[in-house]
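This report covers a pocket, a helix packing and an aromatic pair, in that order.

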Amino acid sequence: MANSQYKPVAHNHAAFIEKAKQRESFQKAYDELEEEYALVKEMLAARARVGLSQEAVAERMGTTKSAISRLEAAGKHSPSLSTLKKYAQAVGCHLEIKFVPEHA
């Protein structure tokens, strides 16, 4: 056991998603979560821009790291507007919400 070395498994996420999208049930679930994933992507990008850890954001928001972890996990729950505002402020941003007309 002492001689065993960690060998990471290769993973091509884009190829995995493309293959999974061939299944109708996956495609439907993926499409339903598109907005949640977009929100999480924005949150993670904002936190990365200012170089903060989840712990630091939690401290600024007056909550716990586990709460931030749940907040940054797409599809787990829908955060309140108040929570999103606090997160935005903690990462040096303001929250902007838009209604975008559907394509005709």
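The lining of the largest pocket divides into 13 nonpolar residues, one polar and seven charged. In this predicted model, that pocket has a volume of about 720 Å³. Its lining is made up of 21 residues, and Leu-39, Glu-42, Leu-95, Glu-96 and Ile-97 are the ones that lie nearest the centre. Two elements, helix H3 (34-49) and H6, give two or more residues to this lining. The largest share comes from H3, with eight residues.

Helix H6, residues 81-90, also packs with helix H4, residues 54-61. The angle of this packing is about 115°, and the axes are 9 Å apart. H4 passes H6 in a right-handed crossing. On the H4 side the contact is made by Val-57, Arg-60 and Met-61, and on the H6 side by Thr-83, Lys-86, Tyr-87 and Ala-90. By class, the residues of this contact are four nonpolar, one polar and two charged.

The residue classes of the two sets are as follows.

| Set of residues | Nonpolar | Polar | Charged |
|---|---|---|---|
| Lining of the largest pocket | 13 residues | one residue | seven residues |
| Contact of H4 with H6 | four residues | one residue | two residues |

The structure holds one aromatic pair. Phe-26 and Tyr-30 form this pair, with 5.7 Å from centre to centre and 25° between the planes. The pair counts as stacked, because planes under 30 degrees apart are classed that way. Phe-26 and Tyr-30 are four residues apart in helix H2 (residues 24-32), so about one helical turn separates them.

Terms used
Residues are numbered from 1 along each chain as its sequence is written. This is a predicted model: local features need pLDDT of at least 70, side-chain atom pairs count only at pLDDT 80 or more; totals for chains, interfaces and linings use all residues. Side-chain values use heavy atoms; hydrogens and water are left out. Axes are lines fitted to C-alpha atoms, for helices over the stretch in contact, and angles run from 0 to 180 degrees between N-to-C directions. A crossing is left-handed if the near helix is turned anticlockwise from the far one by less than a right angle, and right-handed if clockwise. Contact means heavy atoms within 4.5 Å. Ala, Val, Leu, Ile, Met, Phe, Trp, Tyr, Cys and Pro count as nonpolar, Asp, Glu, Lys and Arg as charged, and the others, Gly among them, as polar. On a 1 Å grid over the protein atoms alone, a cavity is a set of points where a 1.4 Å probe fits but cannot get out, and a pocket is an open set with protein on both sides within 12 Å along at least five of seven lines; lining residues have an atom within 4 Å of a point. Grid points are joined across faces, edges and corners, and a volume is the space filled by probe spheres set on the points. Rings of Phe, Tyr and Trp (its six-membered ring) pair if their centres lie within 6.5 Å; planes under 30 degrees apart count as stacked, over 60 as edge-to-face and the rest as tilted.
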